[in-house]
Amino acid sequence: MRVPLMAGNWKMFKTPAETTVFCERFLPLVASANHCEILLCPPFVSIAAAVAATQGSTVGVGAQNLHWQKEGAFTGEVSAPMIKAAGCRSVIIGHSERRQYFGETDTTVFKKTTAAIEAGLQPIVCVGELLEERESNRTNDVLARQVKDGLSGLRPDEFAKVVIAYEPVWAIGTGKTATPDMAADAHRFIREQVRLAFGEDAAAAVRILYGGSVKPDNVKGLMAQPEIDGALVGGASLKPEDFSLIVNF
Ligand code: PGA
């Protein structure tokens, strides 16, 4: 009953022209994929090209970040209503690269998530532990804190719009994937935190994506886990063939 979501996080890759070329090749490859939702998240400047190229298809477009204010003197920032007006359906929030390089915290994740929902965007909120946190057995503490401080302050009707992405930081861009069992354990733990904060129904309904070196050759094993409701894909989402193989797992 949880419809899988396969989302491509393009990070800082692809110009508008490259985005158009990607879509021309990608759309025919996923034209019959109605088992899941498909999302492309290009850089801000390529959103318009992605929206134009995917018009009339089931492929949605998302942004990779937002500012929580609607407008104002925040040089270089983009707001949720602007992202919505540009034709986006979703927005990635709190990606580990934003936490690591741009000072994002659970507090900003909460503000950004609230702003996204208010603007009618689906927030894809990223959580996940660092290598040293996993190695010192702190994975569950970190995940519990990220869910509590980042999400539990939402109203239940707001939380119903949220998608969570579990991305162990040590697996991002490294070629090291969590095994399906490891990922499922973390997903179960996250779902339990959701149950504690929002109750049984919310926990059963929330989609939890896995992210971190998802590739055509490991997606099947991950998606075979009932706990895993989709994938947030970085590197492998940049090639139309590879991302289509992941979508069509
Ligand atoms: P990766 O990135 O698939 O290249 O590991 C995933 C992500 O950062 O969302």
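# Notebook: ligand site, pocket, cavity, two backbone angles

I began with the ligand and found 13 residues around it, the closest being Lys 11, His 95, Glu 167, Gly 173 and Ser 213. I kept in mind that this is a predicted model. I then sorted the shell by class: four residues are nonpolar, seven polar and two charged.

**Polar contacts of the ligand.** Next I looked up distances to ligand oxygen atoms. Gly 173 places a polar backbone atom 2.7 Å from an oxygen of the ligand. For Ser 213, I noted a backbone N or O atom 2.7 Å from a ligand oxygen. Asn 9 takes part through its side chain, with a polar atom 3.4 Å from an oxygen atom of the ligand. I also checked how much of the ligand the protein covers: it exposes 280 Å² when taken alone, and 97% of that is buried by the protein.

**Largest pocket.** I turned to open space. The largest pocket holds about 490 Å³. I listed 16 lining residues, with Lys 11, Met 12, Gln 64, Arg 98 and Phe 102 nearest the centre. Lys 11 is thus on two of my lists: it is among the closest residues to the ligand, and it is among those nearest the centre of this pocket. Helix 4, residues 96–101, gives the largest share of the lining, with three residues. By class I have seven nonpolar, five polar and four charged residues in this lining.

**Largest cavity.** I then searched for enclosed space and got one cavity of 30 Å³ or more. The volume of the largest cavity is about 30 Å³. I wrote down its lining: Tyr 210, Val 214, Val 219, Leu 222, Met 223, Ile 228, Gly 230 and Ala 231. Helix 11 (219–223) and strand 8 (230–233) each contribute at least two of these residues. Helix 11 has the largest share, with three. The class count is seven nonpolar, one polar and no charged residues.

**Positive phi.** Last, I went through the backbone angles. Most residues other than glycine have a negative phi. I noted Lys 14, where phi is positive, near 85°. Lys 14 sits in the loop joining strand 1 (5–9) and helix 1 (16–29). Asn 137 also went into the notebook, with a positive phi of about 60°. I placed Asn 137 in the loop between helix 6 (131–135) and helix 7 (139–151). Is Asn 137 buried or exposed? I entered it as exposed, because its relative accessibility is 71% and the cut-off for exposed is over 50%.

Key
Residues are numbered from 1 along each chain as its sequence is written. This is a predicted model: local features need pLDDT of at least 70, side-chain atom pairs count only at pLDDT 80 or more; totals for chains, interfaces and linings use all residues. Side-chain values use heavy atoms; hydrogens and water are left out. On a 1 Å grid over the protein atoms alone, a cavity is a set of points where a 1.4 Å probe fits but cannot get out, and a pocket is an open set with protein on both sides within 12 Å along at least five of seven lines; lining residues have an atom within 4 Å of a point. Grid points are joined across faces, edges and corners, and a volume is the space filled by probe spheres set on the points. Helices (H or I, at least four residues) and strands (E, at least two) are DSSP runs, numbered from the N terminus. Ala, Val, Leu, Ile, Met, Phe, Trp, Tyr, Cys and Pro count as nonpolar, Asp, Glu, Lys and Arg as charged, and the others, Gly among them, as polar. A residue is near a molecule or strand if one of its heavy atoms lies within 4 Å of it. A polar contact is a pair of N or O atoms within 3.5 Å; within protein, one must be able to donate a hydrogen and the other to accept it, and residues adjacent in sequence count only if both atoms are side-chain atoms. Accessible areas come from the Shrake-Rupley method with a 1.4 Å probe; for residues, only the protein chains shown count as cover. Buried means under 20% relative accessible area, exposed over 50%, partly exposed in between (1.4 Å probe, protein chains only).
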